[in-house]
Amino acid sequence: MYTYLCCYCMLLLLVIQTPDYFSLQLVLVRFTKYIMDLRTLRFRFQPEQNNFHPSCSVNEQMRPFYGPRNSSILLLLLTFLPLLVIIHLWVCQRWQSVENNSQRLQLPPGSMGWPYIGETLRLYTQNPDTFFATRLKRYGDIFKTHILGCPCVMISSPEAAKSVLVSRAHLFKPTYPPSKEKMIGPQALFFHQGDYHSNLKTLVQSSFHPTRIRDSVPEIQRIVLSFLSAWEKCTTINTLREMKRYAFEVAMISAFGSSSKQEVEMEGIKQLYLQLEKGYNSMPLDLPGTPFHRAMKARNLLNETLRKLIDKRRQAGVGGGLLGVLLAAASSKGHSHNLSDSQIADNIIGVIFAAHDTTASILTWILKYLHDNKHLLEAVKKEQEEVRCKILQENRELTWSDTRLMAFTTRVIKETLRSASILSFTFREAVEDLEFEGYFIPKGWKVLPLFRTIHHSPDLYSHPEKFDPSRFEVPPRPHTFMPFGNGVHSCPGSELAKLEMLILLHHLTITYRWQVVRDEDGIQYGPFPVPKLGLPIRLTPANTQN
């Protein structure tokens, strides 16, 4: 059986590397016939092998290979593998016809990988730097591949990224896996372009403008102090898990306002969202008992709860956060785009989603880099103590203006965003057949600007593998630093993300020290790259350190 399986795998590799479609069909048919003939011969001569024992019947001797289980597996292989081959050949023929229909242009160079699977496993089971570097060396700055069930074109130059995200953004719409769009909500900001997107982004940006978020500093500081007090009492904490909890609390404030904690619906919304979050990266199988099914059930309940809160806020005529901004726009007769309750709910969930995992992952990396670079930690501490001294002299609390004095800490954050590059790429989709960088890109193909590759390019950043915040003493070249995306679809909440990082680092570096419990170098992906094991640490007050 295993011999036959190996033969089929070798045939599959031959098929993938051979362009002659009709010849390969003939080879496949003849090979299958050969296997069946070989199986018949082995059945005929099996009893005469040396290991035949007279106390056993012929059927018992042949049971290890021709038993019901193994025969069924072999039959499945004989049926399934040829089907995969035929699918692959059909897809290749379609891609070839697409390339031929482009007349004078060719598809970018590259490999589409295995049938249906493509190169998904290669991308998500190894360091993405290795995946990208291998193909860049072989094919250049633009290459084709096939991941997550989609034909893709990956681009790695700042100029090409600018073209996709800024100058020709109207030709590349944002796209996400359908399952994620279904869980977040189809009316969320980042699934759209055109007038709806423009009007909605104006509202979201106004909610996250510095003039608005500066008033949230006291509430964010209250959350920070509460978490730090709890962490001090723990023997060890999982940094990633705790940073997710912290970022989630800040996201709730940004979505519903600082007074939202007094509303009875808030606890229910929190619990339902956490159930929904567990299904974000699950297989989209909507069957009872699956994570996706449980997530969608929580999503429906969350939608009902949000609609009740929307009605309550609308009747009261008050409310803060993004919800207050969207409700005001929905009730304004002069606004260019009236929002339905469903659109409001989808965008509230979308903001919580966008403000949660990414910020938590970056904070985890910041603690890792500062732990590994003690001189940088001391420099951050010195800057924060100067800010703290100024606050004490003036007998007041931390304010937005104080965070503008944290220049070195801000550079540490920027270097973390570059070095960690938790968003390796972003998805766009060609809205029509088009020419790009001298190649043909068919309508519907995904186009992925590789942020991580750009951020780690030695041509753009000297010694990119080194963690060096001083490189941001001078602003980077345009379109070479894109941790929050670029163009019309860039993240509108970037200022809030940096604010919550600065407030946490202010109190953490002044008051505490941390030691990694299991200091293992390594990265895990789920889906963002984070330090191995979520960076377990032990937190102790700074005044107890020797």
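Buried means under 20% relative accessible area. I need that cut-off for my first residue, Ser419. The model I am reading is predicted.

**Entry 1: Ser419**

I looked up Ser419 and found it in helix H20, residues 407-420. Is Ser419 buried or exposed? Its relative accessible area is 10%, so Ser419 is buried. I then listed its partners, leaving aside neighbours within four places in sequence. Ser419 is in contact with Tyr369, His456 and Phe467.

**Entry 2: the whole protein**

I stepped back to the overall counts. The protein has 22 helices and 12 strands. Of its 546 residues, 49% count as buried. I also checked contacts between residues at least 6 apart in sequence. Of these, 71% join residues at least 24 apart.

**Entry 3: helix H17**

I went to helix H17, residues 357-372. I counted 16 residues in H17 and a reach of 23 Å from the first C-alpha to the last. That is close to the 22 Å expected at 1.5 Å a residue. How many residues of H17 are buried? I get 14 of the 16, so H17 is largely enclosed by the rest of the structure.

**Entry 4: H12 on H17**

Next I took helix H12, residues 239-256, and its packing on H17. The two helices pack at an angle of about 135°, with their axes 8 Å apart. That makes H12 oblique to H17. H12 passes H17 in a right-handed crossing. From H12, the contact uses Thr239, Leu240, Met243, Lys244, Tyr246 and Ala247. From H17, I noted Asp357, Thr359, Ala360, Ser361, Leu363, Thr364 and Leu367. By class, the contact of H12 with H17 has 7 nonpolar, 4 polar and 2 charged residues.

**Entry 5: H12 on H22**

I stayed on H12 and turned to helix H22, residues 494-511. At what angle do the axes of H12 and H22 cross? They cross at roughly 130° and come within 11 Å. That makes H12 oblique to H22. The crossing of H12 past H22 is right-handed. Met243, Tyr246, Ala247, Val250 and Ser254 of H12 meet Leu496, Glu500 and Leu504 of H22. I sorted this contact into 6 nonpolar, 1 polar and 1 charged residues.

I then compared the two lists for H12. Met243, Tyr246 and Ala247 appear in the contact with H17, and Met243, Tyr246 and Ala247 also meet H22. The spacing along the helix is worth a note. An α-helix has 3.6 residues a turn, so residues three or four places apart point the same way.

**Entry 6: H14 on H15**

I moved on to helix H14, residues 291-316, and helix H15, residues 321-331. Their axes come within 11 Å and cross at roughly 65°. That makes H14 roughly perpendicular to H15. H14 passes H15 in a right-handed crossing. Which residues of H14 meet H15? They are Leu309, Ile310, Arg313 and Arg314. On the H15 side I found Leu323, Gly324 and Leu327. The residues of this contact divide into 4 nonpolar, 1 polar and 2 charged.

**Entry 7: Glu473**

Last, I looked up Glu473. Where is Glu473 found? I placed Glu473 in the loop between helix H21 (451-455) and helix H22. Glu473 is exposed, with a relative accessible area of 54%. I also checked its distance to Phe408. Glu473 and Phe408 are 65 residues apart in sequence. In space, C-alpha to C-alpha, Glu473 and Phe408 are 8.9 Å apart.

Note on methods:
Residues are numbered from 1 along each chain as its sequence is written. This is a predicted model: local features need pLDDT of at least 70, side-chain atom pairs count only at pLDDT 80 or more; totals for chains, interfaces and linings use all residues. Side-chain values use heavy atoms; hydrogens and water are left out. Axes are lines fitted to C-alpha atoms, for helices over the stretch in contact, and angles run from 0 to 180 degrees between N-to-C directions. Helices (H or I, at least four residues) and strands (E, at least two) are DSSP runs, numbered from the N terminus. Angles under 35 degrees count as roughly parallel, over 145 as roughly antiparallel, 65 to 115 as roughly perpendicular and the rest as oblique. A crossing is left-handed if the near helix is turned anticlockwise from the far one by less than a right angle, and right-handed if clockwise. Contact means heavy atoms within 4.5 Å. Ala, Val, Leu, Ile, Met, Phe, Trp, Tyr, Cys and Pro count as nonpolar, Asp, Glu, Lys and Arg as charged, and the others, Gly among them, as polar. The expected span of a helix is 1.5 Å times one less than its number of residues. Buried means under 20% relative accessible area, exposed over 50%, partly exposed in between (1.4 Å probe, protein chains only).
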